[in-house]
Amino acid sequence: MSLLLFTSSNSDDYFTFNYMKVLTNFVSVGNIIVSLCFILALRGLSTQISAKMGNIYGIIGMCVAFITAIISKCCDFLNAPTSSDALDRNEILYLLVGYLSCLIPAACIGIFIASRVEMVQMPQLVAGFHSFVGLAAVFVGFAHWIKDASSYQQVHELKTNEEKEEANIMHLTMIGLETVLGIFIGGMTFTGSLVAFGKLQGIIRSKPLIIGGNFRHVLNAGLVIFGCLLCIPYIASEVIVMNDIPVFGDTVSITDIQKYSVYFNAGILILVTLISFFIGWHMVMAIGGADMPVVVSMLNSYSGWATAASGFLLNNYAMIVGGALIGSSGAILSYIMCKAMNRSFMSVIFGGFGATPSKTRNQEDEGPKEANTIQTPELAKLLMEAHNIAIVPGYGMAVAKAQHVVASLAEELIKAGKEVRFIIHPVAGRLPGHMNVLLAEANVPYKIVFAMEEAEDLENVDVAIVVGANDTVNPIAETDPTSPLAGMPIIDVYKAKVCVVNKRSLNQGYAAVDNPLFFYSNTRMFLSDCKKGFEELNSELKRLMGDIVLGNGDISVSEKTSLLTGQQETIPMKIDPENLFIGIPKENVPEKMVAMVPSVCKQLRSRGYGIYVESGAGLLSSCTDEDYRSVGCRIAETTEELYEKSNIICKVNPPSEEEINKMRQGQTLISFFYPAKNSKLLDLSVQKGINVISMDCVPRLSKAQCMDALSSQNNLAGYRCVIEASNKFGRLLMGQVTAAGKSQPANVLVIGVGVAGLAAISTAKALGAQVKAFDTRKAAKEQAESVGAEFCTVSVDEDAENKFGYANAASQRLIDAEYALFRQLLPETDIVITTANVPGKKSPILITQDMVDSMKIGSVIVDLAAANGGNCEVTRSGETYLYDNRITIIGQTDYTVKMSPQASQLYSQNIFNFLNLICKKASDFTIKLEEPIVRQMVVCSAGQKMWPAPQIQVVSQNTPAKKVENINTLSTEEENKKSFPIGKIIGFGCIILLVIFMLFMPEMFVTAFMSFVLAIIVGYYVIWNVTSALHTPLMSVTNAISGIIAVGGITNISLIDPSTDLFYFVAVTIVGCLAVFIACLNIFGGFFITYRMLKMFH
């Protein structure tokens, strides 16, 4: 068909435009856009930042899907023959408008529900929306059958190839399978979701309903098989009718066969529907409330497969792709939930969690116990004494709607200088990620919200607060193999010094298992309504913090708070806590740093330390006396006053003899000391009987990284030296192409890949330079390459790293090879940065004078080892000068001084981390020499010289890597051996399937199936990248996407003439409109509730 666009004077000459081809291509392109938008919607949920855009992509995709479906249906009608037995085209438009009018009430109702539902009711909402998709799938299947049934009572002459293709037995087989399976899966999803909704809402009991014991498995399996076998008579009837096959000869006429086949197939579909309804109800009723997270995820997956089946039925690629993405999403979430519960997916689906709530072994062996309770005032004092606090929310918090009160508690504790974090179990609540949504609603920053697997140091937690959780913190999962919880990963709150459990009673959780945690010696039961109890706790905390600020009194250590201290060993050096003050003196010029910044002082004040700061000590680091006063510090007007009133002196630079003479016996000095260089100062300190802790003696241990002050300062020096070099270089480090011409990037060589070297590499790369690096340690290669440098090697195979993790002095053979390499590289290098130091020795000369002479004019050498002699032969320590009027040599040693505010912050935190290692609060301050890290850092104590300390051997990084590699190799081989038969079976099955497709399946189905498989693969990789905090928004957005099944209702608009087939016309219209209406509830409600949730994440 063509449309006349232009006419000329010659009536036979005209231009035509084939708009049908354009519209058909638009439908194809539209399906591609829909698929991409749905993929981007799920991909957007990988982070909280991109999640909102992901929801927008989903909305765009759904709009395009509706537009595409309408255009596709218009094409069908415009391309249809205009005859008396076909529907008038004006009536077609009215019918299409009628279908679309279902959108308006559905949108209003869906948005109304989504806007009014509370976040604690999200599991119920999701389960309810799943039922809508299942029911819509049933209606779409029936609408398609009714449309086909209208043509049963006709003579099928099969004139065209298209008509012959539609009557082909394989085509009818696929249509029959898709119809029956779509209705079957949709029916299971509908009733299963209704039961899940009832259990979550409390309308239906949460305990499993077991009918016939283990026989229920046989019953379910038998009904599933019977339902699938009903496809055979359904398909047979379709083939007979569509091909006018006289199966009964002359006994029964073709007309009678066509007439009765309508009732026959209708009966089959109704029977399939009833069976699916029963299976969905029976299967979910047999599952306990504890497994609801898995059930909801499973039903999410079912809704996707139902949508995909309807897509196959209607040959709609957007529905196929959308259904496959949703199906894979739900399946992956179900797997994640089962893994978090140490449960087999099949056992959840076919079993009943807590079906036999008999006593466990521990319950039978032990008699009744009495739990230790705690009241609000005692709990408030306990929290004020603690520093590291973990909060573990559970479904009880959601039921009590206490998320805002708990968030206020965390806010108050953070204001008091406490370290607070939330730890979320994957199955906390009744929906994956439900707790994350509730905390986001309460404005809890997601940077303090951690997943269970991220909580690895609970033994260092002072107080763990369990808010309404039970099974997810039950230690019986680790101790009793007979328990239904056995093997389930839990949050080990019992490892904390004190565990406070908030519940209304000591009742069991969903698993119907007693929780021995309630009776542990370090557990205190805070028995109260969650919301009311934490409101009272917040009020008490505010009162106590007000008393501290006003100085009206101190918080005493009660019987409860003594739990935090544990058993302390008797150690000779212990300072009276009543007189424990830290002193922060002003550093001597030219040092601009200060040993402690106000933010860290605030943390130390919350631990019970008093702090004196010499007036003006922090001015050069942008810290005023008023800043210190605001966090509770006292200002000492003179140095003498500060030394007199302080027990601990914190400095940056090594003390002078005058400063040591001001100290008294028993005082402690924490500063850089460099005992190898300052032997006289060390001897004087021993004579004075003071304790000296040297911040430059932190050992190279993973545990000590947080207090490694040298690394902190070297990191800044590595950054700053590149900035200084760039300033002296006078040209761009990055390459550019401009209208004026092209500039090449600068060539930078970094020698020594330690902390400073890595920082220099990162900074130079960020500025656009081409960076090369060299180090005598083999382990440095991977580190340099990880930050973007090209690692240079020499021909000598020698590793200069010693057993303590530092670089040894290189052999002469290696030195010669290095010199040869540098002589080759330096003539083409613009900036050279050297960082090589050997502990306890003068820095090695790496750049000789002749190498400097070979460099280009304008080049720059930065010698970070200048303070220790320098790596360049012509370096002048503390000076920057122009060598031979050609090369700039930077030998400065004050890089951190130029960044004193940042350097002071890092150094302060290093000292705080050290104090945190030796004690959690001031009253417990003790220098524990038996602690390896402390022993390395103490250079003198109580009149005894402790330096040099025994070296701690650091295992080479290469050794464990090889062992791990071997273990992984062995385990992989074992897994391959175990999975080999399964792999062969799957591979053989795929080959058979491909052969069947190639020989028998219609081309249309093969193409659709390929899209289906690819969508599952894409969905698999996309869903695994979704952060656990966004699992609930993921389910709501997939719920909305599954509403694309509404397109199936529009697609089922038929060319039935109401004047001849009024019943079929009315039936298909009503069923189709119902499908559109119900599915649109999902679409509008799902996207809107997702918008509400994502709006909370910030």
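Tutor: Two strands count as paired if DSSP finds at least two bridges between them. Keep that in mind for this structure, which is a predicted model.

Student: What makes β13 and β14 a pair, then?

Tutor: Four bridges join strand β13 (residues 668–671) to strand β14 (residues 691–694). The cut-off is at least two, so four bridges qualify as pairing. The two strands run parallel, and leucine 669 has valine 692 of β14 as its bridge partner.

Student: Which sheet do β13 and β14 sit in?

Tutor: An open one of eight strands, ordered β11-β10-β9-β12-β13-β14-β24-β25, with mixed pairing.

Student: What makes β11 and β25 the edge strands?

Tutor: Each of them, β11 (634–636) and β25 (944–945), pairs on one side only.

Student: Let's turn to β7. How do you know whether strand β7 is enclosed or not?

Tutor: Count its residues against the burial cut-off, which is under 20% relative accessible area. Six of the six residues of β7 (residues 498–503) are buried, so the strand is largely enclosed by the rest of the structure.

Student: Which residues cover each side of β7?

Tutor: Val498, Val500 and Asn502 lie on one side, Cys499, Val501 and Lys503 on the other, and all are buried. In a regular strand the side chains alternate between the two faces of the sheet.

Student: What are the strands that β7 pairs with?

Tutor: Strand β6 (residues 463–467) pairs with β7 in the parallel sense over five bridges, and isoleucine 465 has valine 500 of β7 as its bridge partner. Five bridges also join β7 to strand β8 (residues 523–527), again running parallel. There, asparagine 502 stands opposite phenylalanine 526 of β8.

Student: On to helices. Why are α7 and α11 called roughly antiparallel?

Tutor: Helix α7 (residues 169–201) and helix α11 (residues 292–314) pack at about 155°, with axes 8 Å apart. Angles over 145 degrees count as roughly antiparallel, and therefore α7 and α11 earn the label. Their crossing is left-handed, and the contact has 15 nonpolar, seven polar and two charged residues.

Student: What do the axes of α5 and α7 do?

Tutor: They come within 7 Å and cross at roughly 155°. That is over the 145-degree cut-off, so α5 is roughly antiparallel to α7. This crossing is left-handed too, and the contact divides into 13 nonpolar, 14 polar and no charged residues.

Student: Is valine 140 buried or exposed, and how do you know?

Tutor: Valine 140 belongs to helix α5 (residues 122–149). Buried means under 20%, and valine 140 has a relative accessible area of 0%, so it is buried. Its C-alpha atom is separated by 7.1 Å from that of serine 310, although the two are 170 residues apart along the chain.

Student: Last topic: how many disulfides are there?

Tutor: Zero, from a search of the whole structure. Take cysteine 623, whose sulfur is 8.5 Å from the closest cysteine sulfur, that of cysteine 601. A disulfide needs the sulfur atoms within 2.5 Å, so 8.5 Å is too far for a bond.

Student: And what makes cysteine 623 and cysteine 872 count as buried?

Tutor: Cysteine 623 has a relative accessible area of 7%, and cysteine 872 is at 2%. Both values fall under the 20% cut-off, so both cysteines are buried.

Note on methods: Residues are numbered from 1 along each chain as its sequence is written. This is a predicted model: local features need pLDDT of at least 70, side-chain atom pairs count only at pLDDT 80 or more; totals for chains, interfaces and linings use all residues. Side-chain values use heavy atoms; hydrogens and water are left out. Axes are lines fitted to C-alpha atoms, for helices over the stretch in contact, and angles run from 0 to 180 degrees between N-to-C directions. Angles under 35 degrees count as roughly parallel, over 145 as roughly antiparallel, 65 to 115 as roughly perpendicular and the rest as oblique. A crossing is left-handed if the near helix is turned anticlockwise from the far one by less than a right angle, and right-handed if clockwise. Ala, Val, Leu, Ile, Met, Phe, Trp, Tyr, Cys and Pro count as nonpolar, Asp, Glu, Lys and Arg as charged, and the others, Gly among them, as polar. Buried means under 20% relative accessible area, exposed over 50%, partly exposed in between (1.4 Å probe, protein chains only).
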